[in-house]
Amino acid sequence: MKKIVLFAFGLIAGATAYAQEIETEKKVETTIKADFVNQYIWRGLDLGSVAVQPTLGVGYKGLSLTAWGSYGLTNSDDVKEFDLTLAYTLGKFNVGIIDYWFSVGLDPDARYFKYGAHSTNHIFEANIGYDFGPVALQWYTNFTGNDGLNKSGKRAYSSYFEATAPFSLFKVDWTATAGIVPYATTLYGTTGFAITNISLRATKDIKITDTFSLPIFGQVTGNPCSQKAYLVFGFTLHP
């Protein structure tokens, strides 16, 4: 009788653990997609021409780990990029750390696993933000790696502050963005406080079949600091 009871308890425990595992899997979010763009524009800076930008990420209960890259399709001289982002979101509050890696930097051999403070192509950045609903605010600061320099030739701890405002108009999703660099850094090409990013982006899903839609987007970006303007067009492929 005792063996039967223990066996029954074992079955119940096993079933419970299996149910919990299934429930955990349901809560894990996976992201697999790729953007194709005619220009790679980042925070008002021109980082390359036609590119594919894949994303692979997992998230669970507000914690996420995401890999993102950018690879030029038409210009072999375009810089390759591979970023890893660890982020945590609690309600409307978020924090994160981003590891940027570029094929051009302090290491002429472009070694990914080279992390020396004065010989790496990595840039490490911390961010914090809050989504107020109509407007979301985000602050980013580089804390180590191949950062830019300030006017004294020392590490600038380059920072960037951004406000985004999403809205819908004419059955299209829009996002208005304003970004500033608060002080001098060679990373953003600023000599002091500067507005580097004024953007307006539109996104719309184009229905291809009953089961497949293609998200397309267009974006106008101006950089008052560099006196440059860009028109970006792209689309997203995802399962």
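# Reading a predicted barrel

Me: Which residues does Phe233 touch, not counting residues up to four places away in sequence?

Reply: A contact means heavy atoms within 4.5 Å. Leaving out residues up to four places away in sequence, Phe233 touches Phe36, Val37, Asn38, Ile216, Phe217 and Gly218. This is a predicted model, where local features need pLDDT of at least 70 and side-chain atom pairs count only at pLDDT 80 or more, while totals for chains, interfaces and linings use all residues. Residues are numbered from 1 along each chain as its sequence is written, and side-chain values use heavy atoms, with hydrogens and water left out.

Me: What is the mean pLDDT of the protein chain?

Reply: pLDDT is the predictor's confidence in each residue, from 0 to 100. The mean for the protein chain is 91, and 89% of its residues reach 70 or more. Over residues 2-9 the value stays under 50, and the model has zero contacts for them beyond four places in sequence. Residues 13-24 are also below 50, with one contact in the model beyond near neighbours in sequence. Where pLDDT is low, the predicted coordinates should not be read in detail.

Me: How many strands are in the secondary structure of the protein chain?

Reply: Helices (H or I, at least four residues) and strands (E, at least two) are DSSP runs, numbered from the N terminus. The protein chain has 14 strands and one helix.

Me: In what order do the twelve strands close into a barrel?

Reply: Two strands pair if DSSP finds at least two bridges between them. Here the barrel order is β1-β4-β5-β6-β7-β8-β9-β10-β11-β12-β13-β14, with antiparallel pairing. From one strand to the next, the twist averages 20 degrees. For such angles, axes are lines fitted to C-alpha atoms, for helices over the stretch in contact, and the angles run from 0 to 180 degrees between N-to-C directions.

Me: How many bridges join strand β4 to strand β5?

Reply: Eight bridges join β4 (residues 51-60) to β5 (residues 63-72), and the two run antiparallel. Gly59 stands opposite Ser64 in β5. In the hairpin of these strands, with two residues between them, Lys61 takes a positive phi near 50 degrees. On to the next strand, β5 pairs with β6 (residues 81-90) in the antiparallel sense over eight bridges. The bridge partner of Ser64 in β6 is Ala87.

Me: Which residue in β8 is the bridge partner of Asn94?

Reply: That partner is Gly129. Strand β7 (residues 93-102) and strand β8 (residues 122-131) pair in the antiparallel sense over nine bridges. Nine bridges also join β8 to β9, again antiparallel, and there Ile123 stands opposite Gly145 in β9. The hairpin of β8 and β9 has four residues between the strands, and in this hairpin Gly133 has a positive phi near 105 degrees.

Me: Where is the place of Asn146?

Reply: Asn146 is in the loop between β9 (136-145) and β10 (159-169). Its C-alpha atom is separated by 5.9 Å from that of His122, 24 residues apart along the chain. Asn146 touches Gly105, Leu106, Thr120, His122 and Ile123, residues up to four places away in sequence not being counted.

Me: Why does Thr177 count as buried?

Reply: Buried means under 20% relative accessible area, exposed over 50%, and partly exposed in between (1.4 Å probe, protein chains only). Thr177 counts as buried because its relative accessibility is 15%. Thr177 is in strand β11 (residues 172-181). Phe233, by contrast, counts as partly exposed because its relative accessibility is 46%. Phe233 is found in strand β14 (residues 228-237). Of the 239 residues of the protein chain, 32% count as buried.

Me: Which six residues make up the largest nonpolar core?

Reply: A nonpolar core is a set of buried Ala, Val, Leu, Ile, Met, Phe, Trp, Tyr and Cys residues joined through side-chain atoms within 4.5 Å. The largest one holds Val37, Ile41, Ala51, Phe217, Tyr230 and Val232. Apart from it lies another core, of five residues, including Leu45, Tyr140, Tyr160 and Val181. Phe217 of the largest core stands in β13, opposite Thr203. Val37, also of that core, is 196 residues from Phe233 in sequence but 5.8 Å from it in space, C-alpha to C-alpha.
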